[in-house]
Amino acid sequence: MKVKYIEEQIENIKADIELIVVVNKDLDHTFVKDYKDRLKEIGFEGAQAQVALLSESKKLFVGANSLKNLDIRDAIATATRYILDKSYKSIKVATYQNYEGCSFTLRAMTEAFILGAYQFNRYKSKAKKAKLKEILISKTSYQYKPFDKDVANRAIKKGKKVANSVNFVRNIVNTPPNDFYPKIMARVAKDIAKEHNLECEILDKKAIEQENMHALLAVSRASSKKPKVIHLAYKPKNPKAVVSIVGKGLTYDSGGLSLKPSEHMLTMKLDKSGASAVLGILKAVSELNLDVEVHGFIGAVENMIGGNAYKPDDVLKTKSGKTIEVKNTDAEGRIVLADMLTFAQERVEADYIFDIATLTGACVVALGQYTTGVMGNNEELAQKMVEYTNQSSGELASYLPFNNLLKKTLKSDIADISNISNTRYGGAITAGLFLSEFIEEKNKDKWLHLDIAGPAFVNHSWLENPVGASGAGVRAVVKFIEKLTSTTHK
Ligand code: BES
Ligand code: ZN
Ligand code: ZN
């Protein structure tokens with residue numbers, strides 16, 4: 001999908017259809033008033049994401065409650081999805097600004113067009129190809145004075161890079177597990193590294209053994225697909241900060257011997273979403289040329305069953321030296337991440353350490369399907385992540401606080417820690433507290449855990465996201481990293 005800024009009044013731009021956003025039900029705005037009666041006739045009031053196509057006038061209308069971030073993203077993406085299977089090849093649209101000179105709105109619009117147009121039909125023999133190819137954004141402004149050309153182009157360019165990275169992640173997560181396993185994850189990482197000049201190290205099973213990552217290896221053991229540990233690094237010249245991001249890369253989670261019931265196993269290809277987001281973040285930050293050093297760490301593993309599977313009752317020795325009593329083999333993500341977090345901290349002295357994981361169903365129960373759970377020992381940092389995410393990234397996030405009472409529920413009689421809590425309450429937090437045990441004291445305040453179990457994969461379209469994989473985590477973390485570039489660090 002092409003998105004272009006045209007320094008022309010909208011009436012002088014040729015396109016198959018014009019998209020008009022009706023803001024706050026204002027049917028009297030100059031863009032809308034000539035069509036008001038016709039729109040009313042067909043029941044269009046301009047409610048949030050309500051769409052009306054007046055094909056005879058070549059106008060597509062969509063309602064937005066406001067020009068705030070999520071409202072405009074939702075409106076544009078919904079309109080794009082609506083028009084996608086029609087015959088229109090190009091859309092023209094005016095520029096909108098949440099406040100005077102706000103180019104975030106333009107970036108949001110760009111992302112919403114590209115994200116809304118996403119389709120995954122690689123596996124359909126007779127896929128209907130979308131006709132829509134081009135978005136032309138005019139200098140005509142809905143309100144306020146038009147953007148400076150350079151400002152507009154910059155915002156659109158950033159939006160394109162981020163949205164294309166998100167779509168790239170969606171493709172990976174949507175790819176079925178028979179075609180996507182640890183070796184493929186490693187191949188994709190290598191390809192990104194090559195294309196973007198990143199450093200890339202892939203550890204195979206033998207190298208992982210040498211690293212003493214026995215916990216990760218135990219989870220992977222019953223699978224015929226061998227595990228891979230991946231380290232990607234983007235190193236700009238004068239970085240303002242160093243960020244490590246660790247992704248849960250379960251290319252499939254059957255639950256292991258604590259087998260998932262069939263209805264829960266279905267969609268568990270999604271369990272590679274954290275790792276896939278790490279790939280997307282590396283792709284985006286390198287394309288955006290951000291002056292922050294970013295390291296991506298991925299533990300790519302399949303959780304399967306078999307005669308040599310790891311078992312409930314096993315005690316695993318982690319890379320850190322700590323022992324884990326396995327009480328449920330379906331709480332495998334935290335076991336893999338335990339070793340990965342140790343590995344990441346050993347390799348890189350980072351200013352920030354984030355892990356991204358589809359870690360718990362409990363997080364979905366707590367926050368709903370659309371919201372990422374943000375946890376950590378540094379509340380201020382966690383709240384910053386939440387604020388940046390909700391403010392402008394297009395994603396939703398909420399803070400889940402740790403406490404010492406819940407920490408006690410992870411006690412094991414025979415090992416240092418149990419891999420599940422002794423209570424089913426607060427499951428997202430107890431999983432976060434488990435991970436926290438593998439963060440070195442000196443790094444305690446630098447670390448955040450992002451549980452994306454809810455938003456990573458949803459069975460209906462929502463905001464800018466299609467049915468299936470959303471690419472959750474990419475925009476949130478890229479936004480955080482962008483914020484680091486505008487503040488001096490250290
Ligand atoms: N991958 C799942 C978590 C998950 C569930 C992600 C639903 C997305 C949607 C994870 O490995 C898991 O199975 N967690 C268990 C933990 C439990 C055994 C303590 C869960 O959430 O039920
Ligand atoms: Zn599991
Ligand atoms: Zn899992």
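1. Which residues does Val169 touch, not counting residues up to four places away in sequence? The model is predicted, and in it Val169 touches Ser276, Ala277, Gly280, Gly471 and Val474. Val169 is found in helix H4, which covers residues 149-174. Its relative accessible area is 1%. That value makes Val169 buried, because the cut-off for buried is under 20%. One separation gives a sense of scale: 245 residues lie along the chain between Val169 and Ile414, and their C-alpha atoms are 40 Å apart.

2. Next, the sheet of eight strands. This sheet is open, and its pairing is mixed. The order of the strands is S7-S8-S10-S9-S13-S17-S14-S15. At the edges are strand S7 (199-203) and strand S15 (396-399), and each of them pairs on one side only. From one strand to the next, the twist averages 20 degrees.

3. Two pairings involve strand S14. S14 (residues 371-375) and strand S17 (residues 447-451) run antiparallel, and three bridges join them. Gly373 has Asp451 as its bridge partner in S17. With S15, S14 pairs in the parallel sense, over four bridges. Here the bridge partner of Thr372 is Ala397 in S15.

4. Edge strand S15 has two faces. Which residues of S15 are on the covered face, and which on the uncovered one? Ala397 and Tyr399 make up the covered face. Leu396 and Ser398 make up the uncovered face.

5. A helix also lies on this sheet. Helix H5 (residues 182-196) lies across S7, strand S8 (228-234), strand S9 (242-253) and strand S10 (293-303). H5 runs at about 15 degrees to S8.

6. Thr251 is worth a look in the viewer. Thr251 is found in strand S9. Is Thr251 buried or exposed? Its relative accessibility is 0%, so Thr251 counts as buried. Neighbours within four places in sequence aside, Thr251 is in contact with Pro177, Phe180, Tyr181, Pro182, Met185, Met268, Lys269, Lys272, Val301 and Glu302.

7. There is also an open sheet of three strands. Its order is S11-S12-S16, with mixed pairing. Strand S11 (315-317) and strand S16 (417-418) each have a single partner strand, so one side of each is left without a neighbour in the sheet. Strand S12 (residues 323-325) pairs with S16 in the parallel sense, over two bridges. Glu325 stands opposite Ser418, a residue of S16.

8. How many cavities of 30 Å³ or more does a search of the whole structure find? The search finds two. The largest has a volume of about 70 Å³. Its lining has 13 residues, and Gly394, Glu395, Leu396, Trp462 and Asn465 lie nearest its centre. Leu396 also appears on the uncovered face of S15. By class, the lining of the largest cavity has six nonpolar, five polar and two charged residues.

9. The second largest cavity has a volume of about 40 Å³. Its lining is Arg73, Arg107, Glu111, Val162, Ser392, Ser393, Arg475, Lys479 and Glu482. Helix H3 (104-116), helix H12 (379-393) and helix H15 (474-486) are the elements that give two or more residues to this lining. H15 provides the largest share, three residues. The class count for the second largest cavity is one nonpolar, two polar and six charged residues.

10. Last, two backbone angles to check. Most residues other than glycine have a negative phi. Asn24 is not a glycine, yet its phi is positive, at about 50 degrees. Asn24 is found in the loop between strand S2 (17-23) and helix H1 (36-41). Its relative accessible area is 58%. Asn24 is therefore exposed, as the cut-off for exposed is over 50%. Ala49 also has a positive phi, near 65 degrees. Ala49 sits in the loop between H1 and strand S3 (51-54).

Key:
Residues are numbered from 1 along each chain as its sequence is written. Chains are lettered from A and ligands numbered from 1 in the order in which they are written. This is a predicted model: local features need pLDDT of at least 70, side-chain atom pairs count only at pLDDT 80 or more; totals for chains, interfaces and linings use all residues. Side-chain values use heavy atoms; hydrogens and water are left out. Buried means under 20% relative accessible area, exposed over 50%, partly exposed in between (1.4 Å probe, protein chains only). Two strands pair if DSSP finds at least two bridges between them. On a 1 Å grid over the protein atoms alone, a cavity is a set of points where a 1.4 Å probe fits but cannot get out, and a pocket is an open set with protein on both sides within 12 Å along at least five of seven lines; lining residues have an atom within 4 Å of a point. Grid points are joined across faces, edges and corners, and a volume is the space filled by probe spheres set on the points. Ala, Val, Leu, Ile, Met, Phe, Trp, Tyr, Cys and Pro count as nonpolar, Asp, Glu, Lys and Arg as charged, and the others, Gly among them, as polar. Axes are lines fitted to C-alpha atoms, for helices over the stretch in contact, and angles run from 0 to 180 degrees between N-to-C directions. Contact means heavy atoms within 4.5 Å.
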